[in-house]
Amino acid sequence: MAPTNTIVDTQKRVAAHLVGRERELELTLAAVAASRDILLEGPPGTSKTTILKAITEEWGIPLLFVEGNADLTPAKLVGHHNPARVLREDYSSDNFVAGPLIEAMQRGGFLYIEEFNRAPEDTLNTLLTAMADRAIAVPRVGTIIAAPTFRVVASMNPYDNVGTTRLSTSVHDRLNRLAIGYQDEPAERGIVTLRTQADGDLANRLVIDAVSVTRATRRHPDVRQGSSVRGAIDCVLVALQLALLRHLRSPHDDGYKELVYDAMTVSLSGRIHLDEAAESSPERVLREIWEGRFVLEPAIAEPG
């Protein structure tokens with residue numbers, strides 16, 4: 001179960017750190033408070049890490065990050081004996097260097113494995129005993145018993161299947177799962193406003209336009225995966241600095257539309273991933289989106 005403060009108190013305090021994620025917070029919190037491990041499945045920039053940071057900070061426990069990739073071996077996850085000390089002293093529990101799994105178990109933290117489906121199958125299988133029995137036997141060290149607040153939390157991007165592995169039935173059977181999608185447009189505007197501290201006519205208009213063009217990258221037919229709300233945040237921040245350089249003070253100024261396009265190019269071109277069959281480029285896609293916003297739909301894009 002959750003630490004001393006009640007789950008209701010935790011929900012109220014954690015919700016203060018989030019914008020528009022009430023349902024996802026409620027479901028994630030219910031799972032981890034019930035001592036369950038969970039897989040958060042969704043594209044980048046959908047508040048998965050923010051939710052976990054807020055919960056662990058509220059509980060006063062560590063959040064240990066691990067990136068899932070081909071180099072994540074069982075030894076890196078569990079830990080290893082210090083080679084120099086082994087040569088001098090032989091194997092012992094004293095010269096064992098704990099990996100993130102053992103550290104999370106001993107400290108009662110969340111082991112957060114990003115890009116879960118990029119980790120090798122034998123590494124993921126190492127987690128099975130820890131998840132099922134809340135304990136793991138380490139050769140020449142002994143059995144490590146997990147502290148009560150230890151959880152395994154994994155995340156994966158359902159739109160990215162390049163270089164990934166199919167999770168086994170055994171792994172799936174030990175994990176709860178929550179699909180997290182993009183937030184709606186008003187919520188994303190709220191996030192961008194909060195993160196950029198946008199204020200004034202120019203900044204407020206930039207928030208509206210940046211969120212609109214960022215969301216459009218997710219619908220473009222040539223784009224396999226569009227940008228997260230992080231792209232909109234950066235678009236606003238870059239545009240505000242460009243506005244200073246160009247002495248642009250209002251969304252009514254002649255250079256406003258071109259300002260947005262230039263900020264889009266910097267902030268979004270590296271965040272969109274084109275379909276392999278698409279005969280296009282990120283810049284061309286962004287130009288089409290920009291034209292759709294500012295040329296084909298002038299009434300919608302009109303500042304003010």
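Here are four short exercises, with worked solutions, on the predicted model above.

**Exercise 1.** Find out which helices supply at least two residues each to the largest nonpolar core.

*Solution.* Start with the core itself: it has 35 residues, and those with the most contacts inside it are Val192, Leu206, Tyr256, Leu259 and Met264. Next, look at where the core residues come from. Helices H9 (185-196), H10 (201-216), H11 (229-245), H12 (256-268) and H13 (282-294) each give at least two. Now zoom in on Val192. Skipping its neighbours within four places in sequence, Val192 touches Gln197, Val207, Val211, Val229, Ala232, Ile233 and Val236. As a bit of background, nonpolar side chains in soluble globular proteins tend to be buried together.

**Exercise 2.** Take helix H11 and work out its span, which of its residues are buried and what covers them.

*Solution.* First the span: H11 has 17 residues and runs 25 Å from first to last C-alpha, close to the 24 Å expected at 1.5 Å a residue. Then go through the helix for buried residues, those under 20% relative accessible area. You should end up with Val229, Gly231, Ala232, Ile233, Cys235, Val236, Ala239, Leu242 and Ala243. Finally, check the cover: it includes H9, H10 and H12.

**Exercise 3.** Decide whether Glu115 and Gln197 are buried, partly exposed or exposed, and say what is notable about their phi angles.

*Solution.* Begin with a rule of thumb: most residues other than glycine have a negative phi. Glu115 isn't a glycine, yet its phi is positive, about 50°. Gln197 isn't a glycine either, and its phi is about 55°. Now place them. Glu115 sits in the loop between strand E5 (110-114) and helix H7 (121-133), while Gln197 is in the loop between H9 and H10. For the last step, use the accessibilities: Glu115 has 30%, so Glu115 is partly exposed, and Gln197 has 61%, so Gln197 is exposed.

**Exercise 4.** Explain why the salt bridges Asp209–Arg293 and Asp262–Arg246 tie together parts that are apart in sequence.

*Solution.* Take Asp209 and Arg293 to start with; their closest N and O atoms are 2.7 Å apart. Asp209 is in helix H10 and Arg293 in helix H13, so this pair joins parts 84 residues apart in sequence. Both Asp209 and Arg293 are buried. Over to the second pair: the side chains of Asp262 and Arg246 meet at 2.7 Å, N to O. Asp262 lies in helix H12 and Arg246 in the loop between H11 and H12, so here the parts are 16 residues apart in sequence. Asp262, at 22% relative accessibility, is partly exposed, and Arg246, at 39%, is partly exposed too.

How values were computed: Residues are numbered from 1 along each chain as its sequence is written. This is a predicted model: local features need pLDDT of at least 70, side-chain atom pairs count only at pLDDT 80 or more; totals for chains, interfaces and linings use all residues. Side-chain values use heavy atoms; hydrogens and water are left out. A nonpolar core is a set of buried Ala, Val, Leu, Ile, Met, Phe, Trp, Tyr and Cys residues joined through side-chain atoms within 4.5 Å. Buried means under 20% relative accessible area, exposed over 50%, partly exposed in between (1.4 Å probe, protein chains only). Helices (H or I, at least four residues) and strands (E, at least two) are DSSP runs, numbered from the N terminus. Contact means heavy atoms within 4.5 Å. The expected span of a helix is 1.5 Å times one less than its number of residues. A salt bridge is a side-chain nitrogen of Lys or Arg within 4 Å of a carboxyl oxygen of Asp or Glu.
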